[in-house]
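Hi everyone, thanks for making time this morning. Have a look at the screen, and then I'll walk you through what I found.

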Amino acid sequence: MQKPLPRDWLLSGTSVLRKFDPEAITKALSYVRPDNYRLTLVSQTFPGDWNQKEKWYGTEYRVEVIPSDFQAAVCEAASTTSKTRIPALHLPHRNEFIPTNLSVEKKEVAEPAKAPRLIRNDEAVRAWWKKDDRFWVPKGNVSITLRSPLAKATPETAVKANLYCELVRDALEEYSYDAEIAGLDFQLASYSMGIDIEVGGYSDKMAVLLEKVLVSMRDLEVKEDRFKIIKERVLRGLRNWDFQQPYRQVGDFTRWLGSEK
């Protein structure tokens, strides 16, 4: 439960790993065995023979020893090899987004930079860059704005731009899950000036995720069954817009006023 913390831990609590302890990790893993577990069954309809009742909500329950035949089956399953294992039970595929290089190019600076620096400015691209010169963590953020007056030129183009972004996100669902568990994420959304792409997380594989997003945007293959689902999702969101709390609607109205030509 709640434990007192030192004052310098008040913000981070126990979330920050302050010491690498391989012995503690090995000890914890040693308890993950087929003969050391608790199995919980929950049902609203199973007419069990309950012999106990918890005191807060009166929920009936029963505690019993795991049957020996079931335990034997669990141990047998745990001892299977890749050749005898059921094909459907396998390790997940290789996650290409897991970072392998967490080094940081650290250069001492007299004072951290207060603003990004413009490194390219021409008819095609305007690029800004700022290095992390304060915290020195192997992470970064990439923000890309694809400017196009067509994105919100009319209600029709606004809906099409929104639908396009939803379809791209849906096509990237598998990649986004792998990226998320590896410490990366991305955002894709249309707004008054075009389409925004945001990628953030560990720098080492950020380019891999960004390439996946851009290639999916370029080569998007719209499948009819997924299109129907995404279309219904967009329609439901549009119908529910009027039911939002007023403070959420104010932002949309403010952007409309600010982008009015």
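Let me start with a question: which residues in the largest nonpolar core touch the most other members? They are Phe186, Leu188, Ile197, Val199, Leu209, Val213 and Met217, out of 17 residues in that core. By nonpolar core I mean a set of buried Ala, Val, Leu, Ile, Met, Phe, Trp, Tyr and Cys residues joined through side-chain atoms within 4.5 Å. Buried stands for under 20% relative accessible area, exposed for over 50%, and partly exposed for in between, using a 1.4 Å probe and protein chains only.

Some housekeeping before we go on. This is a predicted model, so local features need pLDDT of at least 70 and side-chain atom pairs count only at pLDDT 80 or more, while totals for chains, interfaces and linings use all residues. Residues are numbered from 1 along each chain as its sequence is written, and side-chain values use heavy atoms, with hydrogens and water left out.

Back to the core. Helix 3, strand 6, strand 7 and helix 5 each supply at least two of its residues, and helix 5 gives the most, with five. Helices here are DSSP runs of H or I with at least four residues, strands are runs of E with at least two, and both are numbered from the N terminus. In general, nonpolar side chains tend to be buried together in soluble globular proteins.

Take methionine 217 as an example. Leaving out residues up to four places away in sequence, methionine 217 touches Leu146, Tyr164, Val168, Leu188, Ile195 and Ile197. Contact means heavy atoms within 4.5 Å.

Now the sheet. Three strands form an open antiparallel sheet in the order 5-7-6. Strand 5 (139-147) and strand 6 (184-191) are the edges, each pairing on one side only. Two strands pair if DSSP finds at least two bridges between them. On average, neighbouring strands in this sheet are turned by 10° against each other, direction ignored. Axes are lines fitted to C-alpha atoms, for helices over the stretch in contact, and angles run from 0 to 180 degrees between N-to-C directions.

Strand 5 is joined to strand 7 (residues 194-202) by nine bridges, and one pair there is arginine 147 with glycine 194. On the other side, eight bridges join strand 6 to strand 7, where phenylalanine 186 is partnered by valine 199. Strand 6 and strand 7 also make a hairpin, with two residues between them.

Which side chains of strand 6 are buried? Leu184, Phe186, Leu188 and Ser190 point to one face and are buried, whereas Asp185, Gln187, Ala189 and Tyr191 point to the other and are not.

Two helices go with this sheet. Helix 3 (residues 155-171) lies across strand 6 and strand 7, at about 165° to strand 6. Helix 5 (residues 206-218) packs on the sheet and touches strand 5, strand 6 and strand 7, with its direction at about 155° to that of strand 7.

There is another hairpin earlier in the chain, formed by strand 3 and strand 4 with four residues between them. Four bridges join strand 3 (residues 117-121) to strand 4 (residues 126-129), and the two run antiparallel.

A few single residues deserve a mention. Tryptophan 136 sits in the loop between strand 4 and strand 5 and has a positive phi of about 55° although it is not a glycine. Most residues other than glycine have a negative phi. Tryptophan 136 counts as buried because its relative accessibility is 17%. Is isoleucine 86 buried or exposed? Isoleucine 86 is exposed, with a relative accessible area of 53%, and lies in the loop between helix 2 (68-78) and strand 3.

Finally, the whole chain. It has seven helices and seven strands. The radius of gyration is 26 Å, where a compact globule of 261 residues would be near 18 Å; that radius is taken over C-alpha atoms, and the globule rule is 2.2 Å times the number of residues to the power 0.38. The C-alpha trace spans about 75 × 55 × 50 Å along its principal axes. Buried residues make up 18% of the 261.
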